Amino acid sequence: MPISAFAVKVPAAETIAADLRRRFDPTVALGVPAHITLLVPFMDPALITDEVLARARRVLQRTAPFSFVLGKVGRFPETAYLAPEPAAPFIEMTRALVKEFPEFPPYDGAHDDIVPHLSVAHGNALHAEEAALELQARLLASGPVQARCTEVVLIENASGQWLDMHVFPLTAPATVLRP
């Protein structure tokens, strides 16, 4: 079933994680770049109208661009990830999207907490452990990844590959347009 997702792309993470993602994250083969997911699954791309995009734009424009670092490795049972700091802006955007679109809870409501993360390995506990150890060594050697969130991307997989559908630039507070 085709779905869409709101994500923050993090190209700066590719230098530390691209080869590990290619080895241990099957979504890379489907066109998914290094990213932090805000909301997945979202609606079927065929149902996304100009009105849906306008509603999402209004929600996301409440967040100004912000800087963050990826300096810590985290784990879920079958996933190794880089944890963004601060996490609060990602959590706030997710909560705002869910408030606007309550029929689409994050990860279909499978988790109680929102844990922003950039997946590096997913689907196999042994691979996740291997990737986590390698990520930790790389972070010790190079320091944390410095990144900036200036936009949110709505991606979709109707073709089987994940493609950009719409980009929502984040706006500095002084320039936010009020309805």
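Colleague: Which exposed residues sit on the face of H2 turned away from its buried side?

Modeller: In this predicted model, that face of H2 carries Asp50 and Glu51.

Colleague: And what makes the other side a buried one, with which residues of helix H2?

Modeller: Within H2 (residues 50-60), the buried residues are Val52, Leu53, Arg55, Ala56, Val59 and Leu60. Viewed down the axis of H2, they fall within an arc of 160 degrees, so they line one face of the helix. This fits a general rule: an α-helix has 3.6 residues a turn, so residues three or four places apart point the same way.

Colleague: Nice. What covers the buried residues of H2?

Modeller: The cover includes strands S1 (4-9), S2 (35-42), S7 (151-156) and S8 (163-169), along with helix H3 (88-100).

Colleague: Why is S1 called largely enclosed by the rest of the structure?

Modeller: Because five of its six residues are buried.

Colleague: How do you know that S1 and S2 pair?

Modeller: Pairing needs at least two bridges, and S1 and S2 have five, in the antiparallel sense. Lys9, for example, stands opposite His35 in S2. S1 also pairs with S7 in the antiparallel sense, over four bridges, and there Ala5 stands opposite Ile155.

Colleague: One last residue, then: why is Ser119 called buried?

Modeller: Ser119 has a relative accessible area of 18%, and buried means under 20%, so Ser119 counts as buried. Ser119 lies in strand S5 (residues 118-122). Leaving aside neighbours within four places in sequence, Ser119 is in contact with Arg21, Asp25, His35, Thr79, Ala80 and Tyr81.

How values were computed
Residues are numbered from 1 along each chain as its sequence is written. This is a predicted model: local features need pLDDT of at least 70, side-chain atom pairs count only at pLDDT 80 or more; totals for chains, interfaces and linings use all residues. Side-chain values use heavy atoms; hydrogens and water are left out. Helices (H or I, at least four residues) and strands (E, at least two) are DSSP runs, numbered from the N terminus. Buried means under 20% relative accessible area, exposed over 50%, partly exposed in between (1.4 Å probe, protein chains only). Contact means heavy atoms within 4.5 Å. The arc is that of the directions from the helix axis to the C-beta atoms.
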